[in-house]
Each structure stands twice: as structure tokens, then as C-alpha cells.
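Trainee: Could you take me closely through the nonpolar interior of this model, and then through the aromatic rings?

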Amino acid sequence: MKRLCVFLAGLVLVGISFAQAQTVRITGTVTSSEDGAPVPGVSVIVKGTTLGSSTDIDGKYTLNVSVGTETLVFSFVGLKTQEIAVSGRQIIDVIMEPDSKELDEVVVVGYGTRLKSELTGSVSQVKSEDIANVTQPSFESAIQGKTAGVYVQGGSGKLGQGIKIRVRGAASVSASNQPLYIVDNIPVNTDNIGSSGNEPTNPMADLNPADIESIQVLKDASAAAIYGARAANGVVLITTKRGKEGKTNFNFTSQVGFSEPANKVGFLNRNQYLQLVEEGFNNVRAMYGDNAYSWLGVGATDSWDVGLDNLFNYWRDPNNPNDLTKGPDTNWEDQAFRRGTLQQYDLSASGGNNKTTFYASLSWANQEGIIINNDFDRISARLNIDQRSSDRVSFGFNLNPVRSRSFRVANDNAFASPLQMVALPPLDPIYLPGSDVLNTRTSYENGLIPAKYNSFNTTTYRNIGNVYASFVLLEGLSFRSEVGADLTNQHEEGYQGRLTNDGGPAGSASDRNVTLLNYTLNNFFSYDRVFAERFDVNLVGGMSYQQSDYNESSAYGLNFPSDHFRKINSAAEIEGAYSSATNYSFLSYFFRSNIKLYDKYLFTLSARADGSSRFGKNNRYGFFPAASAAWILSKEEFLSNVEAISFLKLRASWGVTGNAEIGNFDSRGLYSASNYAGYSGVIPVSLPSEDLKWETTKQVDVGIDFGFFNNRITGEIDYYVKNTSDLLLNVSVPGTSGYSFITKNVGKLSNKGWEFVINGAILTGRLKWNASFNISSNENEITDLDGQIIRSGIWRAMEGQPLGVFFMPKYAGVDPQNGDALFYKDESRTETTNSLSEAEHQVVGNPNPKFIGGLSNNLSYKGFDFSFMLQFVTGNDIYNGGRQWQADGLSWLDNQTEEYFENRWQKPGDDAKYPQARWLEGNGYGVSSMLVFDGSYLRLKDVTLGYTLPKRLLENYGIATVRIFAKGLNIWTLTNYPGWDPEANFVGAGPTVQSQNMQQGYDFYTAPQPRSITFGVQLGF
């Protein structure tokens, strides 16, 4: 019996060995020829059988095949099917080529990638070549006008400025309307953490655009819902460049250039100003007779001529006292501006083998802005490593250390802004007579004094990185774990000099430090499988944890020995100190399934459960589902013979997303430390809101993707409706409670609109011409605020209106008989009055644009390439707060614009735009729609001309490519807006999120966008 058992066991072992000898494991990676990105869901089948597998999220596959297997078939909708001979190999990597360049790009989506032709949601993509050689500090400006439904607006022309992005409109009144930014799967901070005394800065300026491989904007709920509670405003996915298998490639780009203001307003010169003063003085004289202003030296017995003469004495030139036309004629607008310079150098290396790939880069950028004392520089490095240690295990990391510095005038969002110099009369000299000392006797503060003696320098050290590991557990099943961090240390030093209004008489300084750490843990499974060559399944499920810790400390000092000593420790008096700390966290679980039937029926289901420390204990978690479907009609037999149709897909989606961007403790009842008479204690400061929950946005999207004439013409059309409910608002409570408000979920608003994109390969021969046009509209409306009206200065949030409408008296024009400014008495607009106080406040404008879009063209012939991009915004209004003094007919001493001078009322019968000038009277002076203008514009945003040298000229020098180019930015603008730039959005000092949302379309001495010319060379080795 024992011998029999041994004999049988031996037979089993021999059988197993024989079976193993008959099979072999084949592994490999499938990537896209377009950008080298891994392609998930590719079907890998043994030819002539049903034995197969599919690639996972990293484009990897594993397949056990019989010895002697000759051919593997790799297929995916939209990609060219490839039959690859095995030839005894056990590692077979494949590069898949698209059938359609436009429709079948690999698109990054949440926790994975898909082909564009298989998307069931709405996603816009910007590739690295679209933002190549960006000279702006931040990449957002480079995507302006290139993505339908995405409104990008710079705050001002200052370097490192804050940038506003709205994806399909504003979805909140009090919570943030900025999209969620994800860099290589890690959420990053995009909130301004600078002090409130200066214009907001843009944290995304720390990211080098040259390191970006692609940018995806997830617009509808189906695409964004996997990010749940923070996806109501859209999601921006940024993928950085990675190495590719092959020899090491070096690339170097050098750029130098200059910039100047894209526009100047134009203010009165000396003679024009004197003419207007005399005219305004005489107009008031005609109105009041002998009643004059005694402080001008005109008494009861004095004549108006004496008064005017005394007024002019203030501005007489001592060297020419009898000739008013002689004397200083200062162009203060020119004093605020300068010619800026820029230079940037980027060096990168990438490559690897079948085990290890890498991408490394080093960049240095330095810019001098068009506004005096506004500079920005950045030095950054990046190292991305990917390692495949075995067929089943791979790991890697990303590391991106950055140091950036921003130099400004202190308090540059208030009256120290250099552009406020334009208020000075041209009669005021720059320097004191006969000296090189800046004039301290100007009508207002000489802006060159704070520019010389004030400073506000911000130094930021930042590191964004992550570490990941990926494991193939079973055929088609993989697991990925990653930990990422976004660490920011920001140091601000401010000084206001002894001779300035803000710092006098002995100087003042501030020192502020902020540390912000965001860290994230992601763990998720991916499952990819093809069943019977007709049923493809892709499943993703996992969890995510994020925590953000913020710490701030600052100190303030007064009385410095001289302006050469600017550190806090040199202050004779420490005026005060401040410190704070806060944090928040998210714990999330997510799932998504992508199903493809017969290569033409596509279904996506996703869900995310988010828990946040910010919300009330009764609503700590939220659930955000989404569903979508698509039908590729061009795969159907009834369209197979229609040669004109290359691709046609219908899609529809529905989903729920949330908004959690509120204060970290709005749901809590809070206490604050206080002191009285030397004793410390605590006081209650806010009521608890235990039922506080997420804002919820439900979105429906229907769309069509098309390609005609062998995809020479491609495009997309979308229509969407976004309805937001449970708005997070501060609701007033009775004063007897001891509190002013409590945060609750009250109100609703909606956004609806359409998007249209069309791309064309116009010429495809030796002369290639590709064009792309997009246009989109959005209609925003607040549908329910529980009857309340939310006020923020001149802006209102009110039912039946878009968010942030302008609310003020309506200007009715000029009385042609007497030059009075007229205003409508009420909303009926049938009666007018010349008294601003008698005019009823009403809705007079809307800062939200009706249409946005752009037109891009790319041409190439032999070694030459030429591209240009037109960008436009229409239907939005701008409130120009500065023109309350710049075009008011000399209600005070402020210089006036040339446009006012040429369009003022002067005599009866004039059909004038502006009322009669009246010295110190303020004819129409005040807040009214006279200061509201159409902000529409068409801009030649980008023009590039390049030439690539023939390779035959470089072969003997070891150089692969040489390209020289010239690039222009903001070259030309067509607009009727009378300010410096229609792309303006001043936010003021210390704005709350609610006021930032409402205070749109505000121009207050806002610097224009720079017009820049750059020359560069690109080398490849």
C-alpha cells in the first residue's frame, strides 16, 4: 500500500511538472503613442481563442499561455488593433496608436485613465504642447480660452496674482467657488495664505508649467463625483511628466523677453488740467454768483477772479510765475509703470529601461513686472521615478521642491497701490524744486515715496510629492497605495518707511510666518477584465484620507532708527503679536465601474461617501452618487456605410457633488480667549449648528461627440443644468441672544448652459493647419434665499438674480440743456432727477459673462511653425470704482481721464456722455451706474512663430533638435471698456469667501495685463 501511494504521488508531480512545462507567463505594459501614458482596459487575447486578459490602471497585463503560442491580439476601441508575435518572449510591451488623434487621447480621470472615445462624462483636456513655453508665473493663464465652460480671469497684471476659475458658473454664495486641484492624485492647496493687506497671491504659481504633461478639467457630475464633497465646482487634474523606456533625452529651453502694459488709460496734461479747472471753476461761479469758497481766499467782497488766481498760485512755477502754461507737467501714469523683463531656463532629462524610468527637471524663472517694485522669481526641481521590481510589484515617487519669491509695495491692494499715483494732478512735480528729493508736498501722497521706502517680500518654500506602490494580486486585479504631502512654509516681511503716510514718522514693520501641511493617503483596488471579447469591465474602489494643518504667527513693530533697519528686532516698540492654528480632515470611500458592451455601449456608475470634520455631528457624512451612459452610434451597422461619419457618440449623465469649502469650525459653538483689566477669561463667539451639512449640487448633462470626414472635423456639444441646494449661509439671529448669526443650510441657486467645441484639420499636406474653436454660455440664478437679501457693498445676492449683481442708482445720462447728471427715480425708469439721493437703488449690471470662448490656430510648413489664439468674453459688466474720481468733473483734485475730457458736456444742446465739470461740486459724483461699463473684450492672447533646424545640420554635433521661437502675449485687445483692462477683479483688503464670491467685476486702480514679447531656443540631446 505504501509503495502504491508513493507511485501515485510521483505521477501527480510528474503531471504538474509536465503541465507547467506546457505554459508560460507573459507580462508587459501597454502605453499610448501620443504621450507614453499607460492605457488601461486594453484587451489582450491569444489569437484564435477566447483566452485573454486586459491591462490594469497602470497599463500592465499578465497572461498565462501555452508553450508554442504564436500571436497575441491587442485591441481597444479607438486604437489600432495590433497582432504581436510572441517569438518565445515573456515580456512584451506594446505601444498603441490611435485611429483618431483627437477622439482617442488617453484622458486622466479620478484614480485612473480612460480613452476619450470611451468617456461617458464631460472632460476637457489641455496637453503639454498647449502650455509650452509659458512665461506667466502660473499655468492657469495659459489655458484661458482653450477649455469650453471654464472661465479663467486674472485678478490684475501684477506678478503672482490670484486667478479666478469658474467651471460652469458659480455654485455657491458663501463657500468657495474655486475648483478642486489634484496634482498626481494628491489634492493641493490653492487658497491664498498671504496677509490681507496685500492682493491675494496664487499658490499654483509654485508649479512649473514646463513639468506638466496634461491638464484635465472634470466638468459634469459623472466625471467629478468620485471626488464627492469637493467637486461641485469642478476638478482640475494635473499630471506631471514621467520618464519613458528608452535612451536618456535631455531638453533645454531658454527664454528672455520684455513686457509693458497692454493698455494705458491716458490722463490730462498740464494745460488740459488747467483748462478743466478754470472751466469747472467758472461753471460753479455761474451757478452761485458771489457765494464762493472762503477757504480758497474768496471772501464776501472778493471776486471770483481773485479766487481763481489764488487757486492757481498753488501750482505756479516759481521760475515762470506769470505763465501758467510753464511748469511741471508730470505724467503720473507713466511713473507707475515700467518696462518689465523676464527670463526663464528649463532643463529636463527623462528615460529609463524596462525596469526603471525617470523624469528630472530644474527650472529658474525671474520676472520684473510692469508695475514698479513688483518682481517674482522661482527656482524649482522635480524628480519622478517609476520602478517595476517584478511582474507583480511596482513603486515610485514624485518630488517637487520649490522656492518662490514675490516682491511688492506694502499694502498694494489699498491706497499704496502704485497706480493710485494717477490721481495726482500733472502740475505736481516728482521732486522738490531744485533737488533730487521726492516731492512730499503733492496734492495726495506721492506714490513714488512708498514705492521707494515700502516693501513687502514673500518667500515661499514648498514641496509637493508622493510615494506609491502598486501590486498585481490576480489576473486583472491590482492594488495601489500612495501617500502624498503638500508642505508650504511662507515668510512675509513688510516695511513701511518713515517718510510714507502709512509708516511715518518712525517706520513700521511686520513679520509673518505660515506653515501649511496637507497630507493624503489613498488606497484603492482596480479590476480590469474582458469577457468573451464583448464585455469589458473596469472597477475601481478604495478609500482616501486627507488632513490639513495650518499654523500662523506674526509680530508688528514701530519706531526704527532709520529705513535701513527693517527687521522686527530693530523696532523700539513691539506693537503686537499674533498666532493661530487650525486644521480639518476628510475620510472618504469611493467606487466606480466602467462597463463596455460590444465596443459601443458604455456605462459608468460612481459613488463617494465623504466625512468631514467641518460639519455638524448630525451630518458628518455625505453620499455623492453619479451615473452616465454613452452610445457610439458610429459602431452601429446602420451608420457603417456613411463615409462622412467617422465617429458619433451620444452621452448623458446625472450625479450629485458637494461643496465643503467653508470655515473649519462653522458647525461648532466656539469660545475665544479675552482679557479685561489684566484678567484673562473666555467669551462665547458663535452658536453651534449641529445639523450643518454639505451644499449639494445635482447636475444633468447631455452631450454629443462627433467626427466627420475621417475625423478631419471633430467636436463636442454639451447642455447642462446644475442645481445647488442647502446653501451654506450666515443667518441672522435676534440680538438678544448675544450673537449676530449662525451658519445654516438655507437657499438654492442654479446654473445652466451649453458648450460647443469644433476642431478641424484644415490642411494636412506639407502645409498643415489645425484649428479649434470653443464657445460656451452660462446662466446663473439664485432661486431661493428664504426671502433674505445678502449685501456686500454695491453687490447683492437676491432671489431671481445672478450672484453678485450691481445694486445702485441707475444713471440716466446728461441733461442736454444744463449739463446736469440725471438718474432714474425708480425701477420703472420713467422719471429722472438730478439728485443722486432721490434715485432708488436697483439692479444695474451683472458681472457674470454671458459667453466665453477662444479660437486657436496651429500651422506648420517644413521647419516653420506658427500659432495664434484669440480669446473672448462677452456680456459681463465691470464696476470701475476708481472712475468715481477719475471722471467726475473735478469734484476734488484728482486728475481726469482723456476720455472724460473729450466727452464732457460744455454747452446747451450737447449730447454728452459725461455731465458738466463743476469744481468741487461733484455733478453726478457718487456711486451709480455711471461707473458700470460693458466688460466684453476680444484679445489676441498668444502668438508664436518658430523654426526647427533640419536634423541633417545637427547630426555631427550630437544634437537631436534645435528650435528657435518668438512668442507674444496679450498682443492686442478689442474692447469698449475705458479702464486699463477689462480682465480685472480687485478683491480689496481681507475679503471673506462670501465677499470674494459676490464682489466680482470690480476695478479699483487695477493693473492691466502685461503685453510681453519673448525670444527663446529649445535644444534636445
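Mentor: The largest nonpolar core, meaning a set of buried Ala, Val, Leu, Ile, Met, Phe, Trp, Tyr and Cys residues joined through side-chain atoms within 4.5 Å, has 45 residues, of which Val173, Leu419, Ala797, Phe806, Tyr879 and Trp980 touch the most other members. Buried stands for under 20% relative accessible area, exposed for over 50%, and partly exposed for what lies in between, with a 1.4 Å probe and protein chains only. The elements that give two or more residues to this core are helix H5 (332-336), helix H6 (448-453), strand S39 (795-797) and strand S40 (805-809), and H6 gives the most, with four residues. Helices (H or I, at least four residues) and strands (E, at least two) are DSSP runs numbered from the N terminus. This is a predicted model, in which local features need pLDDT of at least 70 and side-chain atom pairs count only at pLDDT 80 or more, while totals for chains, interfaces and linings use all residues. Residues are numbered from 1 along each chain as its sequence is written, and side-chain values use heavy atoms, with hydrogens and water left out.

Leaving aside residues up to four places away in sequence, Ala797 is in contact (heavy atoms within 4.5 Å) with Val173, Ile782, Leu785, Gln788, Ile789, Ile790, Leu803 and Met998. Another core, of 22 residues, lies apart from the largest one, and its members include Ile165, Val167, Val188 and Ile212.

Turning to the rings, a search of the whole structure finds 33 aromatic pairs, where rings of Phe, Tyr and Trp (its six-membered ring) pair if their centres lie within 6.5 Å, and planes under 30 degrees apart count as stacked, over 60 as edge-to-face and the rest as tilted. One of the pairs is that of Phe139 and Tyr181, which is edge-to-face, at 6.5 Å centre to centre and with 75° between the planes. Phe139 lies in the loop between strand S10 (123-127) and strand S11 (150-154) and Tyr181 in strand S13 (residues 180-183), so the pair ties together parts that are 42 residues apart in sequence. Phe139 is buried, at a relative accessible area of 1%, and Tyr181 is buried as well, at 2%.

The pair of Phe471 and Phe479 is stacked, because the ring centres are 6.5 Å apart and the planes stand at 20°; here Phe471 is partly exposed at 31%, whereas Phe479 is buried at 18%. Finally, Trp795, Phe806, Tyr879, Trp885, Tyr1002, Phe1004 and Tyr1005 form one aromatic cluster, and of these Phe806 and Tyr879 were named above for the largest core.
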